[in-house]
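This briefing gathers notes on backbone angles and on the surroundings of aromatic rings. Please read it beside the sequence and the structure shown here.

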Amino acid sequence: MPPSNWQPIQLGELGRLRNGVNFSREQEGLGLPVLKVKDFGDLVLCPLNGLDELDPTAFSVPDDQLLADNDVVIIRSNGNPELVGRSVLVHGVSRPTTFSGFCIRFRTDAARADARFLAYYLRSPICRARMTRFGSGTGIQNLNQSILTELPLDLPPLTEQRAIASALGSLDTKIEQNRRTSRALERLARAIFKAWFVDFEPVKAKAAGARSFPGMPPNAFAVLPTSFVDSELGPIPKGWKTGMVSDAAELSKVQVKPQEAAEEVFDHFSIPAFDDGQTAAIEAGSAIKSNKFLVIENCVLVSKLNPRIPRTWLPPAANKRRQIASTEFLVTVPHGGWSRDYLYCQFQQDEFRDSLTQGASGTSNSHQRARPQDFLAKNIVIPPALLRAEFQSIVGPMMNLRATQHAESRKLAEMRDYLLPKLLSGEVRVTEIEQRLKKRL
């Protein structure tokens with residue numbers, strides 16, 4: 001039972017609902033940013049950057065379909081029932097922005113409810129169980145304004161709503177800080193790779209008379225040539241070679257049949273898990289219906305499905321559970337003398353991914369697949385082993401820190417997801433958490 005001072009209420013009493021904008025691909029273009037289902041992450045806060053845009057000449061969007069800070073946007077329909085009902089809290093609106101027709105916006109009455117609290121409530125198991133009652137089958141298929149208007153909740157006093165939202169939000173804030181740092185580290189690693197092994201900037205600098213290159217160790221700079229030769233990939237530094245991915249790595253095809261280990265719990269690396277924050281799902285073998293690849297230590301997972309979408313994954317070191325991957329991934333294992341960080345940066349380069357996309361085949365643009373043999377046959381530059389080793393000495397610590405921060409974020413997310421239903425049901429109060437923390441300190 002919720003605490004006695006929590007008020008039973010329906011969501012519709014706390015604000016106003018509005019459907020999003022329906023549009024076709026032909027109506028997309030530079031102009032009005034639009035929040036889509038794909039922009040919903042696993043965090044409640046949703047910064048409005050990098051959104052797709054609509055063509056402002058195709059149709060006009062009324063003011064009441066524009067977003068404002070503290071709007072809660074809810075997925076009402078999606079091909080994946082697990083995403084239906086997921087909510088985000090909008091913040092950082094700097095110019096007119098709208099939202100997709102697959103979503104519903106809830107604009108909170110700030111005098112009665114805290115918008116961030118409601119966004120967390122809508123993500124809670126308590127709320128999802130209540131939403132499911134209105135769905136067909138065992139999951140939530142679709143939501144509409146009528147369902148959400150009548151959605152029941154037990155509402156704490158406003159001060160406690162804010163305290164709950166702050167406690168959960170502090171965890172999400174730390175997770176997002178870690179992710180920003182992680183993204184910056186990856187961008188830096190990829191930029192170094194591109195400068196050294198794609199644009200050949202240190203070689204060009206040396207040819208122009210430079211005696212060093214920023215960030216490059218002196219012994220690496222010393223072995224660089226000062227001229228280029230032609231190759232099938234274009235001009236490359238003299239003395240370097242070209243080859244194929246198969247010269248640097250091989251594909252592991254060791255398979256696991258999870259159904260034969262129904263009670264075993266696996267770390268499952270799947271396309272949906274990648275898209276939902278790059279954290280492997282923890283699943284029992286009984287829940288996994290098809291064969292999977294065994295994830296090999298020190299491998300790189302490269303999606304062969306729709307290679308135009310960058311899905312390259314560095315699995316963390318296995319803990320107690322076996323790790324398995326969807327057969328939509330290529331389990332790429334580096335040969336001796338090659339590091340997986342080097343391969344990861346290679347596979348993330350736009351030129352490499354574009355080349356892989358061009359050779360993909362399928363029945364539609366949304367189901368293109370790269371063939372494993374084509375992946376292994378892709379041409380790559382093969383720089384001297386010394387340069388690859390020096391690259392790893394610089395980039396390795398960056399990628400290790402990135403992995404550490406991702407692991408910390410995963411633990412924080414587990415803590416948030418553990419506390420979420422307990423705080424929103426009143427089973428645990430924020431004051432209790434604060435008192436426990438004080439005792440530990």
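**Rings, charges and backbone angles**

The charged end of K206 is placed over the ring of F221, at 5.5 Å from the centre of that ring. The model is a predicted one, and the points below take up its charge–ring contacts, its aromatic pairs and two residues with positive phi.

Charges over rings
- In addition to K206 over F221, R388 lies over the face of W338, with 3.9 Å to the ring centre.
- W338, the ring beneath R388, is also one of the members of a cluster linked by ring pairs.

Aromatic pairs
- Across the whole structure, a search finds 18 aromatic pairs.
- Ring pairs join F193, W196, F197, F200, F228, W240, W338, Y342 and F391 into a cluster.
- A pair of aromatic rings is described by the distance between the centres together with the angle of the planes.

Positive phi outside glycine
- F200, a member of the ring cluster, has a positive phi of about 55° although it is not a glycine, and its place is in the loop between α4 (158–197) and α5 (201–207).
- Because its relative accessibility is 6%, and buried means under 20%, F200 counts as buried.
- Q278, also a residue other than glycine, has a positive phi near 55° and lies in the loop between α8 (271–275) and β17 (281–284).
- The relative accessible area of Q278 is 26%, so Q278 is partly exposed, given that this class runs between 20% and 50%.

Definitions and conventions
Residues are numbered from 1 along each chain as its sequence is written. This is a predicted model: local features need pLDDT of at least 70, side-chain atom pairs count only at pLDDT 80 or more; totals for chains, interfaces and linings use all residues. Side-chain values use heavy atoms; hydrogens and water are left out. Helices (H or I, at least four residues) and strands (E, at least two) are DSSP runs, numbered from the N terminus. Buried means under 20% relative accessible area, exposed over 50%, partly exposed in between (1.4 Å probe, protein chains only). Rings of Phe, Tyr and Trp (its six-membered ring) pair if their centres lie within 6.5 Å; planes under 30 degrees apart count as stacked, over 60 as edge-to-face and the rest as tilted. A charge sits over a ring if NZ of Lys or CZ of Arg is within 6 Å of the ring centre and within 35 degrees of the ring normal.
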